[in-house]
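Load the model, colour it by secondary structure and keep the selection panel open. The stops below run from the overall layout down to single residues.

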Amino acid sequence: MITYAQTDAIAQIVIDNPPVNALGVSLVGELLDAIARAEQDGKVSAILIRAAGRLFSAGADINEFKKPEDAPRLPTLIDRIESCSKPVIAVIHGQCLGGGLELALGCHYRIAARNANLALPEVQLGLLPGAGGTQRLPRLIGMNAAINMIATGTGVSAEKALSLGLVDRLADDDAVIVEALEFAGSLTGVRRTCDLPPPAIPSDLDAHLAPHLQSHFDSVQACAAAIHAAAELPFMEGMAREAALFEELLQSDQARALQHVFFAERKAAKIEGLPAKIERHSVERVGVIGAGTMGSGIAINFLLAGIPVTLVETNAAPLQRGADGIARILATSVSKGRLTEDQRAKATDLLNPSLAFDDLGQCDLIIEAVFEDMSVKLDIFRRLDALAKPNAILASNTSFLDINEMASATARPEAVVGLHFFSPANVMKLVEVIRGDQTSNEVLATCMKITQRIGKVPVLSGVCHGFIGNRMLLPRLEQAKQLLLEGAAITQIDEVSTRLGLPMGPLQMIDLAGVDIGWHRDVNRIENLNDALCARGRLGQKSSAGYYDYDDRRKPVPSTEVGSIVEQFRNDAAIERRTISDDEIIVRTVYVMINEAALILEEGIAQRPSDIDVVWMLGFGWPRWTGGPLWWASEVGVSSIVAGLERYRSSFGPDFRIASSLLKFEADSQSFYSRG
Ligand code: 3H9
């Protein structure tokens with residue numbers, strides 16, 4: 001796990017623990033031994049700590065937080081490195097994260113390759129840097145810069161690290177070891193971060209902290225407390241304060257939830273039962289059919305990943321609008337500093353807008369993103385079958401429609417798959433990869449890989465109406481409208497969700513998506529509340545009016561007009577208005593989703609509960625600090641969920657049934673997750 005070598009008078013300790021050089025207990029033990037060996041060796045004048053592979057270290061091993069107390073601990077190792085009598089130099093390349101950066105901070109000097117990224121992302125795991133990071137970093141780079149890194153987990157480039165004083169030297173990627181050896185040879189003494197004076201408290205500290213402290217993450221508050229300790233307490237006392245805060249966070253519900261999220265997002269891309277060695281198709285060129293908001297957003301992902309895109313439309317005007325939209329989004333990214341001008345230019349060059357359907361014949365992956373009409377989709381798949389390359393993957397971005405039916409329009413159903421992006425497709429991280437009855441393993445494996453390559457988190461779903469995410473959404477939206485008719489206020493319904501941490505309630509979500517989805521505009525038929533709103537021109541945020549009125553800044557304000565529409569509907573349907581409790585709203589708009597998720601799992605539509613958590617966190621903004629809907633449901637307790645659903649059973653309509661798996665969990669005192 002580590003190798004030890006000596007070049008002239010320089011000892012080289014190399015961390016070699018693939019895939020990410022996590023600093024687990026046994027590695028820490030080996031490093032302690034190696035430092036002792038180098039210190040005792042009279043022929044060694046300085047010590048390099050570097051790493052094999054593509055990165056320096058991802059930090060402490062997250063799987064090992066539950067290891068017994070007497071195991072060799074990272075803080076002990078780092079203190080040992082810092083107290084070493086010979087100069088110790090960290091040689092950093094690639095990612096240097098969490099405990100990995102803390103180890104580097106314990107070294108006396110740091111040299112970084114230009115490709116390095118240095119970060120303390122513990123806060124995102126519900127933790128704080130617990131191996132001295134909160135005490136050493138502020139001493140090195142000052143309070144405000146340290147707060148930015150520690151309280152947000154945001155990384156800094158090697159160049160920025162140099163300007164902050166976080167590293168002492170930069171080197172080209174392939175020269176960093178040679179330069180580190182030279183640097184080590186020139187050093188005559190040690191320089192310990194713990195000996196630096198405490199950081200000065202800046203006059204604008206409170207203003208600087210304020211935005212961070214609004215976070216829902218308890219870890220952010222703890223980070224702020226630890227950084228304060230760095231300024232106010234002697235080093236050793238600050239370390240003790242950090243350790244106590246770390247222990248407290250480690251036991252917290254949020255930390256367990258956020259670590260669940262970390263592993264859930266990585267597990268989601270894995271398909272159960274797939275052979276370990278599977279041949280993936282190569283994807284050199286992508287075709288996108290439809291240059292609307294969705295198609296353009298999808299195209300941007302591939303362009304930014306360096307993959308050429310043929311964007312096809314039937315008419316020149318929408319094609320031009322799509323290309324202009326893409327250009328606008330790329331330019332905005334440059335102005336916001338998210339993209340360099342060079343990256344923008346390269347992405348733009350890779351776009352080929354076309355009116356010729358036949359151009360898709362060059363593409364390895366073709367994604368249709370036209371409107372949700374099965375007959376249009378069937379026609380597209382028939383035409384694609386006739387012209388696409390033999391190995392091409394034919395994908396639909398449908399949100400609801402049947403992938404198997406589309407596959408049946410081709411003579412190659414094994415090549416047909418769903419790739420359901422979420423809007424805005426260039427921003428949202430989620431892609432549901434829909435497995436049709438005959439989709440081949442090779443096609444699925446390729447889709448998992450290519451969606452990861454464009455920076456997305458793919459989740460496998462079987463075919464059903466709405467797949468995983470939207471299927472859970474539908475009963476939630478139905479119940480929200482029904483609750484409105486029964487007497488709940490619009491704001492009351494939505495606030496139950498926002499209090500849970502969701503970015504918006506169900507009625508705000510209808511406004512965002514468009515009240516007119518499913519509206520029979522041509523016949524102006526009014527069958528439900530949404531239709532009635534549409535008939536008054538209240539189409540949602542896009543018309544500045546839906547369930548709410550919206551001002552210029554899209555702030556939702558309750559609408560009196562909607563109140564009277566609801567009133568009229570209530571009277572027509574002879575529904576008696578009553579007082580509705582928040583408890584009822586949570587059961588009918590949230591517990592009902594948990595029930596749907598249980599059915600989704602029973603039917604094998606989702607592979608595992610954690611995939612459902614990922615879909616709702618990344619597709620719908622479910623709060624990460626609660627671990628996703630099913631992690632949250634396990635915390636609430638399945639028996640409470642079942643009892644709630646029983647209590648309001650009559651509200652859910654005649655076809656409603658409580659998932660048998662929920663009833664079994666209740667009977668066995670189990671849940672979606674077993675608690676360790
Ligand atoms: C810490 O340091 C606490 C200290 O302050 C105090 C201690 C007292 N541990 O993401 P990938 C696994 S807390 C264990 O797909 P990439 C990951 O699960 C730590 N395992 O690769 C996956 O496993 P599998 C603070 C880890 O190239 C495999 O490695 N550090 C760890 O897309 C590949 O990962 C962080 O929060 C870990 N620390 O991204 C950094 N990290 O193959 C967390 C990864 O079975 N890590 N694995 O699915 C990352 O951000 C990314 O993994 C990284 C690589 C950028 C490094």
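In what follows, UniProt positions are given in the numbering used here, feature names are shortened, and annotations may be inferred rather than shown by experiment. The model on display is a predicted one.

**Overall layout**

Start by colouring three ranges separately: domain 1 at 2–256, domain 2 at 286–465 and domain 3 at 489–572. Then place a centroid on the C-alpha atoms of domain 1 and another on those of domain 3; the two centres are 51 Å apart.

**Annotated regions**

Select 286–460 next. An unreviewed UniProt entry gives this range as "domain: 3-hydroxyacyl-CoA dehydrogenase NAD binding". Helix accounts for 42% of residues 286–460 and strand for 20%, with 21 Å between the end C-alpha atoms.

Now select 466–550 together with 586–659. The unreviewed UniProt entry annotates these two stretches as "domain: 3-hydroxyacyl-CoA dehydrogenase C-terminal". Residues 586–659 are 64% helix and 0% strand, and their end C-alpha atoms lie 18 Å apart.

**Around the ligand**

Centre the view on the ligand. Which residues come nearest to it? They are A58, G59, A60, G98 and G99, out of 26 residues around the ligand. Four elements each give two or more residues to this shell: α2 (74–83), β5 (95–97), α3 (99–106) and α11 (253–267). Colour the shell by residue type and it divides into 15 nonpolar, 7 polar and 4 charged residues.

**The sheet that includes β5**

Stay with β5 and show its sheet, an open one of 3 strands in the order β5-β7-β8 with mixed pairing. β5 and β8 (156–157) are the edge strands; each has a single partner, so one side of each has no neighbour in the sheet. Zoom in on β7 (residues 117–119), which pairs with β8 in the antiparallel sense over 2 bridges. Here N117 of the model stands opposite S157 in β8.

Bring α3 back into view. This helix lies across β5 and β7, and runs at about 85° to β5.

**The sheet of 8 strands**

Move to the other sheet and follow its strands in the order β12-β11-β10-β13-β14-β15-β16-β17; this sheet is open, and its pairing is mixed. Which strands stand at its edges? They are β12 (351–354) and β17 (457–461), and each has a single partner strand, so one side of each is left without a neighbour in the sheet. From one strand to the next the twist averages 25°.

Within this sheet, select β14 (residues 393–396) and β15 (residues 416–421). The two run parallel and are joined by 3 bridges. To find one residue pair between them, label A395, whose bridge partner in β15 is V417.

**Backbone details**

The last stops concern backbone geometry. Most residues other than glycine have a negative phi, and most peptide bonds are trans.

Go first to the loop between β2 (10–15) and α1 (25–40), where P19 lies. The peptide bond joining P18 and P19 is cis, with omega of about 5°. N21 is in the loop between β2 and α1 as well. Although N21 is not a glycine, its phi is positive, at about 50°.

Finish at the loop between β15 and β16 (430–434), which holds P424. S423 and P424 are joined by a cis peptide bond, with omega of about -5°.

Conventions
Residues are numbered from 1 along each chain as its sequence is written. This is a predicted model: local features need pLDDT of at least 70, side-chain atom pairs count only at pLDDT 80 or more; totals for chains, interfaces and linings use all residues. Domain bounds come from an automatic or database domain assignment. A residue is near a molecule or strand if its C-beta atom, placed from the backbone, lies within 6 Å of it. Ala, Val, Leu, Ile, Met, Phe, Trp, Tyr, Cys and Pro count as nonpolar, Asp, Glu, Lys and Arg as charged, and the others, Gly among them, as polar. Two strands pair if DSSP finds at least two bridges between them. Two residues are in contact if their C-beta atoms, placed from the backbone, lie within 7 Å. Axes are lines fitted to C-alpha atoms, for helices over the stretch in contact, and angles run from 0 to 180 degrees between N-to-C directions.
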